[in-house]
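Me: I would like to learn how to read a model of this kind feature by feature. Could you take me through it slowly, with the general idea before the particular case?

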Amino acid sequence: SNVPHFRSHVYSGGIKFGYNIKIGKFFTIRPNILGEYSFVQTGKFNIGDNALGKNTAIKNKQIHQFNVIPGIDIIKESKGWGTSLGVRMHRKLGSSPKSVLNDQNIETIKCKKGYIEYSIGFNKLFSDNKMKSNPYCGDN
């Protein structure tokens, strides 16, 4: 059969650390850092006989990707409502994707090494016990 077959698996894990710094009664600053590792296991892509030749195969090198993501969140909590603003800088370290066509290296997708992420969030408190149900409150 001349049907192409391709398989890829992605494995990833990370850990995040942060600390709440309470400023006054309603504001919290939360500096944090996320460390993450991803592994992309790729197989061989066989396309059989075609215009490129007999038994054409594309192999992709396995990818090891490390991400270091420091960030800061500013949180305001008032009367059961919370608002948060955040900024994070993603920095990627590790191997780039590489592909081989019939034992010849071919140009691959170039990945940016980093970017900045901005976020905004809203939450509503539905319980009277702020300490247990609201992660933004800290010590009341």
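Me: In the hairpin of β6 and β7, which residue takes a positive phi?
Reply: Keep in mind throughout that this is a predicted model. The residue with the positive phi, near 50°, is Lys 79, in a hairpin that has two residues between the strands β6 and β7. Beside that turn, Ser 78 has Trp 81 in β7 as its bridge partner, and the two strands pair in the antiparallel sense over 12 bridges.

Me: Over how many bridges does β6 pair with β3, and in which sense?
Reply: The strands β3 and β6 pair in the antiparallel sense over 14 bridges, and within this pairing Arg 30 stands opposite Asp 73 of β6. As a general idea for reading such strands, the side chains of a regular strand alternate between the two faces of the sheet.

Me: What is the overall order of helix and strands along the chain?
Reply: Read along the sequence, the pattern is β-β-β-β-β-β-β-β-β-β-α, which corresponds to 10 strands and one helix. Of the contacts with a separation of 6 or more, 60% are between residues 24 or more positions apart. Buried residues make up 24% of the 140 residues, and the chain exposes about 10,100 Å², of which carbon and sulfur atoms supply 60%.

Me: How many aromatic pairs does the structure hold, and how should I read one?
Reply: A pair of aromatic rings is described by the distance of the centres and the angle of the planes. The structure holds two such pairs. Tyr 11 and Phe 39 form a stacked one, with 6.2 Å from centre to centre and 20° between the planes. This pair links distant parts of the chain, since Tyr 11 belongs to strand β1 (residues 8-18) and Phe 39 to strand β3 (residues 27-42), 28 residues apart.

Me: Is Phe 39 buried or exposed?
Reply: Phe 39 is buried, because its relative accessible area of 15% falls under the 20% cut-off. Its partner Tyr 11, with a relative accessible area of 44%, is partly exposed.

Me: Why is the pair of Tyr 37 and Phe 66 described as tilted?
Reply: The centres of these rings are 5.0 Å apart and their planes lie at 45°, so the pair of Tyr 37 and Phe 66 is tilted; an angle under 30 degrees would count as stacked and one over 60 as edge-to-face. Tyr 37 lies in strand β3 and Phe 66 in strand β6 (residues 63-78), so this pair ties together parts that are 29 residues apart in sequence. Both rings belong to partly exposed residues, Tyr 37 at 29% relative accessible area and Phe 66 at 41%.

Me: Which ring does the charged end of Lys 76 sit over?
Reply: The charged end of Lys 76 sits over the ring of Phe 26, 5.8 Å from the centre of that ring. Lys 76 is also among the residues touched by Trp 81, together with Asn 123 and Lys 124, when residues up to four places away in sequence are not counted. Trp 81 itself lies in strand β7 and counts as exposed, at 51% relative accessibility.

Me: How far apart in space are Thr 83 and Phe 122?
Reply: Their C-alpha atoms are 4.6 Å apart, although 39 residues separate Thr 83 from Phe 122 in sequence. Thr 83 lies in strand β7 (residues 81-94) and is partly exposed, with a relative accessible area of 32%. Leaving out residues up to four places away in sequence, Thr 83 touches several residues, including Ile 74, Ile 75, Gly 121 and Phe 122.

Methods: Residues are numbered from 1 along each chain as its sequence is written. This is a predicted model: local features need pLDDT of at least 70, side-chain atom pairs count only at pLDDT 80 or more; totals for chains, interfaces and linings use all residues. Side-chain values use heavy atoms; hydrogens and water are left out. Rings of Phe, Tyr and Trp (its six-membered ring) pair if their centres lie within 6.5 Å; planes under 30 degrees apart count as stacked, over 60 as edge-to-face and the rest as tilted. Helices (H or I, at least four residues) and strands (E, at least two) are DSSP runs, numbered from the N terminus. Buried means under 20% relative accessible area, exposed over 50%, partly exposed in between (1.4 Å probe, protein chains only). A charge sits over a ring if NZ of Lys or CZ of Arg is within 6 Å of the ring centre and within 35 degrees of the ring normal. Contact means heavy atoms within 4.5 Å. Accessible areas come from the Shrake-Rupley method with a 1.4 Å probe; for residues, only the protein chains shown count as cover. Two strands pair if DSSP finds at least two bridges between them.
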